[in-house]
Structure formats: structure tokens, C-alpha cells
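Reader: I have a structure to go through. Let us take the enclosed space and then the chain as a whole.

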Amino acid sequence: MIDRLNATPRHSANRFGGGINRVQSPWRAQTVPYVSIALASLLPVFLVADLMPLLPPLGFMMLICWRIMRPGFLPLWVGVPLGAFDDLFSGQPFGSAVLLWSVAMIVLEMIETRFPWRSFWQDWLSASLAMMIYILVAMTVSGAPLTPQMLIVTIPQIALAILLYPLFARLIARLDMFRLARARRVS
């Protein structure tokens with residue numbers, strides 16, 4: 001007689017990778033966001049300008065994109081260690097990125113609780129505002145004289161940060177797919 005209580009067929013264990021010894025790597029699932037933010041903080045070190053940086057703060061952009069793309073993944077306190085790492089390599093006074101990254105994480109959390117369902121355009125607007133405010137406040141904290149010429153020089157950096165957001169959002173989506181991909185488990 002056929003056992004009718006077991007509704008799942010025998011071959012369903014092999015479907016969708018369940019029976020071929022593949023699971024998500026917990027190490028990769030937890031470290032990919034932090035490593036990508038740290039590497040993005042190191043990247044502008046290779047392009048050094050005399051007066052103003054050429055690239056926008058890529059580490060901060062990566063943090064903002066991870067926070068917007070995966071709202072509950074990064075804890076609020078992550079701005080402290082990642083900001084300290086960024087301060088070591090960015091040339092800013094130590095503690096400026098710690099403060100600014102922590103404040104940005106808190107503000108984005110407040111936006112997330114107020115507007116839980118947003119579109120890409122609203123995410124782009126909030127990320128653009130965060131990056132623009134970060135660049136201007138970081139320039140103020142660095143001790144640079146706030147002259148009209150300095151503000152004009154920051155316009156290309158702010159524009160590049162705003163225009164790079166869709167590219168960073170796509171990069172974060174790819175990194176998230178890599179983070180959650182199944183890996184072969186050796187047992």
C-alpha cells in the first residue's frame with residue numbers, strides 16, 4: 001500500500017540543492033559587507049591629490065549602500081569600528097568618521113522606521129543627501145579654510161558621489177548574491 005501521509009516525494013530532497021551537500025557559508029555571509037566597506041575605504045589612498053581628494057569617500061558610500069540595500073543587517077554601532085578604520089587611512093582627524101558614520105547610521109535608521117517602503121529614487125535621494133552632508137562636514141572638520149573656492153572644488157566630488165550611487169547599489173546587490181550563495185561543504 002502507498003504511504004499517503006508523506007506528501008513530499010523522495011526526489012524533492014535533491015531539488016534546489018538540498019541533497020547535494022551545499023549550504024550558505026556563515027563565514028562569508030557575515031564578513032562580505034565589512035570587508036567590502038574596508039576595501040572601499042582603502043581605495044582612495046591610491047589616488048592622492050595635492051589639495052582636494054579626487055574620489056568621494058568610497059567607504060562611506062559603501063556603508064550607506066549596504067545600509068539602504070539591507071536595512072536590518074548592519075547594526076547601528078558598526079559606524080564606530082568602520083569609521084575608525086576609515087580615519088586611519090583617509091587623513092581626516094581621528095574620530096571624525098567615527099562620529100559622522102555613527103550619526104549617518106542613526107539618521108538612516110530613523111528614516112527606515114519612518115518610511116519602511118521606499119522606491120529606488122527615494123533611496124538615491126537619501127543617499128545623495130547623506131553623502132553631500134558628509135563631504136561638507138568632513139571638509140569642515142578637517143580644518144580646511146572654508147572659502148568659496150574650496151566649496152566650488154568640492155562640487156565635482158559631490159556630483160561624482162551622487163552619480164556613483166546606482167553603480168554602488170548594483171555592486172552591493174552582486175556582493176549580496178555572492179554573500180548568500182551556496183558553497184560546497186566539506187565534511
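Reader: Which helices each supply at least two residues of the lining of the largest cavity?

Author: This is a predicted model. The lining includes Arg67 and Ile68, and it also includes Leu108, Ile111 and Glu112. Set these against the helix ranges: the two that each supply at least two lining residues are helix 2 (58–69) and helix 4 (96–114).

Reader: Which helix gives the largest share of that lining?

Author: Leu108, Ile111 and Glu112 are among the lining residues. Helix 4 spans 96–114. The largest share is 3 residues, and it comes from helix 4.

Reader: How many nonpolar, polar and charged residues does the lining have?

Author: The lining residues are Arg67, Ile68, Leu108, Ile111, Glu112, Arg118 and Ser126. Ile, Leu count as nonpolar, and Arg, Glu as charged. By class, the lining has 3 nonpolar, 1 polar and 3 charged residues.

Reader: How much space lies in the largest cavity?

Author: The structure holds 1 cavity of 30 Å³ or more. The space in the largest cavity is about 50 Å³.

Reader: In what order do the elements of the chain run?

Author: The chain has 7 helices and 2 strands. Read from the N terminus, the order is β-α-α-α-α-α-α-α-β.

Reader: What percentage of the contacts with a separation of 6 or more comes from residues 24 or more positions apart?

Author: The chain has 187 residues, and 36% of them are buried. Of the contacts with a separation of 6 or more, the share from residues 24 or more positions apart is 75%.

Reader: What part of the accessible surface belongs to carbon and sulfur atoms?

Author: The accessible surface of the chain is about 11900 Å². The part that belongs to carbon and sulfur atoms is 70%.

Technical notes:
Residues are numbered from 1 along each chain as its sequence is written. This is a predicted model: local features need pLDDT of at least 70, side-chain atom pairs count only at pLDDT 80 or more; totals for chains, interfaces and linings use all residues. Side-chain values use heavy atoms; hydrogens and water are left out. On a 1 Å grid over the protein atoms alone, a cavity is a set of points where a 1.4 Å probe fits but cannot get out, and a pocket is an open set with protein on both sides within 12 Å along at least five of seven lines; lining residues have an atom within 4 Å of a point. Grid points are joined across faces, edges and corners, and a volume is the space filled by probe spheres set on the points. Helices (H or I, at least four residues) and strands (E, at least two) are DSSP runs, numbered from the N terminus. Buried means under 20% relative accessible area, exposed over 50%, partly exposed in between (1.4 Å probe, protein chains only). Contact means heavy atoms within 4.5 Å. Accessible areas come from the Shrake-Rupley method with a 1.4 Å probe; for residues, only the protein chains shown count as cover.
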